Amino acid sequence: MKGALVVRSMAMVLMASQLSSCAWIAAWKSRSDVKSSEPTPKPAPKPPKPAPPKLLPPGSGENQPEPKPDPEPKPEPTPAPLPPKQSVPVARAVPGRPGFVFSPFNNKLIDVEGIQSGRMVADPHYPADEKKYFRVP
């Protein structure tokens, strides 16, 4: 009898050392062989959902939702005007480096990989207000 009590108290100490200070009490109280003198709290009932508003048939004039104004359509951005086809110079291909060309304006190296031949491209070395265009060879 005394040995069983020692084993049980050792088990409680072991459980208390593994759990936080208050958690072992809750674990010990939740056992089925220990009767709790405190009543378990019941969850609070959920409040009922509000009923949807009743609408009258169309034409009665009451309880009809006000029509919402349509949002103003946003104007599509217009692309910058491109120079005429005759005045657009053609860039020179870089020998031994496919996908790269020399700019016809400042002779700097430009990557045009993936752009079709004959397409107009803006030289990236110029600011937006001074854009200069050339054709990919």
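# Close-up views of a predicted model

**View A. S103 and its surroundings.** Beyond the residues up to four places away in sequence, S103 touches K108, I110 and D123. The model shown here and in the other views is a predicted one. S103 sits in the loop between strand 2 (residues 100-102) and strand 3 (residues 109-111). Is S103 buried or exposed? Its relative accessibility is 3%, and because buried means under 20%, S103 counts as buried. The side chain of S103 also has a polar atom 3.2 Å from the backbone nitrogen of F105, a residue that returns in View D.

**View B. The whole chain, for orientation.** Let us step back for a moment before the next close-up. The protein chain contains two helices and five strands. Reading from the N terminus, you meet the elements in the order α-α-β-β-β-β-β. Of the 137 residues in the protein chain, 12% are buried. The chain exposes about 12300 Å², and 62% of that area is supplied by carbon and sulfur atoms. Among contacts with a separation of 6 or more, 25% are between residues 24 or more positions apart.

**View C. An open sheet of three strands.** The strands of this sheet follow the order 1-2-3, and their pairing is antiparallel. Which strands stand at the edges? They are strand 1 (residues 92-93) and strand 3; each has a single partner strand, so one side of each is left without a neighbour in the sheet. Strand 2 and strand 3 are joined in the antiparallel sense over three bridges. To find a bridge for yourself, start at F100 and look across to its partner in strand 3, D111. Strand 1 contributes A93 to the picture. Setting aside residues up to four places away in sequence, A93 touches F100, V101, F102 and P137. The C-alpha atoms of A93 and V112 are 9.9 Å apart, with their positions 19 residues apart along the chain.

**View D. An aromatic pair formed by F105 and Y126.** The structure holds one aromatic pair. The ring centres of F105 and Y126 are 6.2 Å apart and the ring planes meet at 90 degrees, so the pair is edge-to-face. The two residues come from distant parts of the chain, 21 residues apart: F105 belongs to the loop between strand 2 and strand 3, while Y126 belongs to the loop between strand 4 (residues 120-122) and strand 5 (residues 133-135). How exposed are the partners, F105 and Y126? F105 is partly exposed, with a relative accessible area of 31%, whereas Y126 is buried at 18%.

**View E. K131 in the loop between strand 4 and strand 5.** K131 has a relative accessibility of 32% and counts as partly exposed. Which residues does K131 touch, not counting those up to four places away in sequence? They are A122, D123, P124 and Y126. With Y126 there is a polar approach as well: a polar atom of the K131 side chain lies 3.2 Å from the backbone oxygen of Y126. The C-alpha atoms of K131 and V121 are separated by 9.8 Å, and the two residues are 10 apart along the chain.

**View F. The largest nonpolar core.** How many residues does this core have? It has seven: A91, V101, I110, V112, V121, F134 and V136. V136 makes a good starting point for a tour. Leaving aside neighbours within four places in sequence, V136 is in contact with V112, I115, Q116, S117, G118, R119 and V121. Two names on that contact list, V112 and V121, are also members of the core.

**View G. Two loop residues, N107 and P98.** N107 is part of the loop between strand 2 and strand 3. What is its backbone angle phi? It is positive, about 60 degrees, although N107 is not a glycine. At 46% relative accessibility, N107 counts as partly exposed. P98 is in another loop, the one between strand 1 and strand 2. Its relative accessible area is 73%, and P98 is exposed. Although P98 and V112 are 14 residues apart along the chain, their C-alpha atoms are separated by 9.0 Å.

Note on methods
Residues are numbered from 1 along each chain as its sequence is written. This is a predicted model: local features need pLDDT of at least 70, side-chain atom pairs count only at pLDDT 80 or more; totals for chains, interfaces and linings use all residues. Side-chain values use heavy atoms; hydrogens and water are left out. Helices (H or I, at least four residues) and strands (E, at least two) are DSSP runs, numbered from the N terminus. Buried means under 20% relative accessible area, exposed over 50%, partly exposed in between (1.4 Å probe, protein chains only). A polar contact is a pair of N or O atoms within 3.5 Å; within protein, one must be able to donate a hydrogen and the other to accept it, and residues adjacent in sequence count only if both atoms are side-chain atoms. Contact means heavy atoms within 4.5 Å. A nonpolar core is a set of buried Ala, Val, Leu, Ile, Met, Phe, Trp, Tyr and Cys residues joined through side-chain atoms within 4.5 Å. Accessible areas come from the Shrake-Rupley method with a 1.4 Å probe; for residues, only the protein chains shown count as cover. Two strands pair if DSSP finds at least two bridges between them. Rings of Phe, Tyr and Trp (its six-membered ring) pair if their centres lie within 6.5 Å; planes under 30 degrees apart count as stacked, over 60 as edge-to-face and the rest as tilted.
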